[in-house]
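Student: I should like to learn how pockets, cores, strands and backbone angles are read from a structure. May we take one case and work through it?

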Amino acid sequence: MRTFDPHLAEIRFGYGLSPLVAPPQDAAAVLAGLTGPDVMVDTFPTEPFPVFRERMVKAQAAQRRRRENRGTAIAEAARKERNKINGEARRAWSAWGMQILLRRTYTETAFRERLATFWADHFTAHGKRGVMRRATTPYIDAVVRPFITGRFADMLQATVMHPVMLDYLDQSRAVGPNSAIAHKRGPGKAAGLNENLAREVLELHTLGVDGPYTQDDVRELAELFTGMTFEAKNGYKFRKDFVEPGAEQVLGQNYEGDQNDKAIRAVLADLAAHPATARHLAWKLAVHFTSDTPDPALIDALEQTYIDTDGSLFALYEILLAHPSAWEPSLNNFKPPIDYMSSAMRSLAPPADALQSMEEKQVRAFFNRPLLAMGQEWERPIGPDGWPEEDENWITPQGLAGRVDWAIQAPATVMGALPDPRDFVDSALGPFANDAVRFAAGAAESRSEAIALVLMAPAFQRR
């Protein structure tokens with residue numbers, strides 16, 4: 001019977017092997033890493049979302065002065081100030097990418113980092129306009145990381161009602177057709193109902209694309225969601241004048257939501273508790289951490305555990321780590337580009353300052369452009385369903401060429417001296433190093449080529 005393997009645990013449930021961090025010796029050690037303080041957030045901080053909002057307030061104030069003083073020196077000064085604020089936000093966003101890489105490089109609890117990535121992808125959201133375009137990392141740190149060991153219902157509520165999600169799916173501008181604001185503004189003057197958030201909550205966040213809901217459920221949920229807005233100054237805000245009056249019915253249950261967001265919280269709790277949500281999440285976890293074609297028994301076990309524990313995410317992780325199919329010795333899933341980069345950084349363990357001291361232009365050359373060449377744009381999934389899991393999306397000629405180019409160039413960029421390739425084979429691949437990769441590393445013409453050959457080894461590309 002297949003059981004826990006320390007090296008496989010770091011590769012399959014983390015970001016790979018590290019010369020600095022010993023692999024966990026049992027599943028209990030992996031799980032214990034989830035219950036302590038979130039050390040990496042403190043060690044490699046980004047920016048709390050309330051602090052990020054201050055950038056939005058300043059940018060909006062500058063834009064307002066520009067509009068009010070068109071054609072004057074004041075307007076030109078306001079335009080420059082707004083551009084300066086946008087530039088500062090962009091540079092901060094660039095630096096945060098390096099902080100995320102460093103979290104994955106130095107963490108002693110790599111499963112936590114993988115789970116943060118998994119749930120952030122499940123609740124994909126990014127700002128669409130102005131300064132808000134740079135808010136994804138503060139969003140993740142605010143409403144994903146703190147909830148990864150709690151109940152799914154709590155994470156669902158926190159993400160769905162967050163300003164970044166409301167902006168991403170155009171919810172903050174949605175109003176009920178019969179709302180007070182619609183009557184006040186008159187026909188055609190108020191924004192209409194928007195179904196984007198309601199559809200994605202049902203299809204992606206909870207019940208699944210084949211879940212037991214209809215278009216009527218989507219529309220009723222969209223009507224129930226009216227009223228959820230945000231302000232740069234104060235964050236999330238419920239506006240009664242935006243709300244569609246009357247009760248809405250979602251999956252046969254009535255919700256009365258005119259006066260506050262209590263009904264919104266109730267419908268999200270009910271959706272989180274639905275058996276279809278249990279099945280959907282079980283399947284996603286099994287695919288992400290084991291195989292594109294996971295063991296049905298694992299999915300069944302995760303589904304039942306979710307139901308039995310009222311959506312306890314920690315309980316799901318216990319089942320996942322205990323199931324024999326999680327310890328299939330062959331490496332199955334092909335690493336997406338950002339995970340591949342993260343694994344490479346973890347295997348090399350460069351000095352933190354090498355990444356933190358990079359200017360924006362250097363980050364683009366080292367990180368953003370190579371990542372895009374491999375097939376991913378940092379914090380910009382193609383759609384609200386996040387990045388695809390299937391291997392064929394990443395095993396492409398262009399994507400593999402991007403990995404080769406990066407593997408040759410990037411290590412020397414962040415390392416004072418490259419490691420001895422003969423040692424690096426073992427520290428990076430452990431028991432998954434074979435004679436072919438050992439020979440290739442030893443026969444390479446230069447140390448940089450040898451390191452690149454290890455990073456491009458089939459075993460390093462998979463988990």
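Tutor: Let us begin with the largest pocket, bearing in mind that this is a predicted model. By class, the lining of the largest pocket comprises 23 nonpolar, 11 polar and 16 charged residues.

Student: How is such a space found, and what volume does the largest pocket have?

Tutor: Rolling a probe the size of a water molecule over the atoms shows where empty space is left. Here the largest pocket holds about 1100 Å³ of space. Its lining has 50 residues, and those closest to the centre are Asp121, His122, Asp385, Gly386 and Trp387. Two or more lining residues come from each of α5 (73–106), α6 (110–122), α7 (136–143), α11 (196–205), α14 (275–289) and α17 (337–348).

Student: What is the volume of the second largest pocket, and which residues are closest to its centre?

Tutor: The volume of the second largest pocket is about 490 Å³. Among its 19 lining residues, Met56, Gln60, Arg129, Gly130 and Phe230 are the closest to the centre. At least two lining residues come from each of α4 (49–68), α5 and β1 (228–231), and α4 gives the most, with six. This lining divides into six nonpolar, five polar and eight charged residues.

Student: Which residues of the largest nonpolar core touch the most other members?

Tutor: In soluble globular proteins, nonpolar side chains tend to be buried together. The largest nonpolar core of this model has 131 residues, of which Phe111, Trp119, Leu221, Phe225, Tyr317, Phe366 and Phe367 touch the most other members. The element that gives the most to this core is α5, with nine residues. Tyr317 can serve as an example: beyond its neighbours within four places in sequence, its contacts are Leu31, Leu34, Phe111, Leu115, Trp119, Ile148 and Thr149.

Student: Why is α11 described as largely enclosed?

Tutor: Seven of the 10 residues of α11 are buried, so the helix is largely enclosed by the rest of the structure. The buried residues are Leu197, Ala198, Glu200, Val201, Leu202, Leu204 and His205.

Student: Which side chains of β3 are buried?

Tutor: In a regular strand the side chains alternate between the two faces of the sheet. Along β3, Glu248 and Val250 point to one face and are buried, whereas Ala247 and Gln249 point to the other and are not. Strand β3 runs antiparallel to β4 (residues 253–256), with four bridges joining them; Ala247, for instance, has Glu256 as its bridge partner. Two residues lie between the strands of this hairpin, in which Leu251 takes a positive phi near 55°.

Student: Where is Val243 found, and is it buried or exposed?

Tutor: Val243 lies in the loop between β2 (235–238) and β3 (247–250). With a relative accessible area of 5%, Val243 is buried. Not counting residues up to four places away in sequence, Val243 touches Ser179, Thr226, Gly227, Phe238, Gly257 and Asp258.

Student: What sign of phi does Asp170 have, and where is Asp170 placed?

Tutor: Most residues other than glycine have a negative phi, and most peptide bonds are trans. Asp170, although not a glycine, has a positive phi of about 60°. Asp170 is in the loop between α9 (163–168) and α10 (180–185), and at 13% relative accessibility Asp170 counts as buried. Asp310 is not a glycine either and has a positive phi of about 60°. Asp310 is in the loop between α15 (296–308) and α16 (313–322) and is partly exposed, with a relative accessible area of 45%.

Notes
Residues are numbered from 1 along each chain as its sequence is written. This is a predicted model: local features need pLDDT of at least 70, side-chain atom pairs count only at pLDDT 80 or more; totals for chains, interfaces and linings use all residues. Side-chain values use heavy atoms; hydrogens and water are left out. Buried means under 20% relative accessible area, exposed over 50%, partly exposed in between (1.4 Å probe, protein chains only). Contact means heavy atoms within 4.5 Å. On a 1 Å grid over the protein atoms alone, a cavity is a set of points where a 1.4 Å probe fits but cannot get out, and a pocket is an open set with protein on both sides within 12 Å along at least five of seven lines; lining residues have an atom within 4 Å of a point. Grid points are joined across faces, edges and corners, and a volume is the space filled by probe spheres set on the points. Ala, Val, Leu, Ile, Met, Phe, Trp, Tyr, Cys and Pro count as nonpolar, Asp, Glu, Lys and Arg as charged, and the others, Gly among them, as polar. A nonpolar core is a set of buried Ala, Val, Leu, Ile, Met, Phe, Trp, Tyr and Cys residues joined through side-chain atoms within 4.5 Å. Two strands pair if DSSP finds at least two bridges between them.
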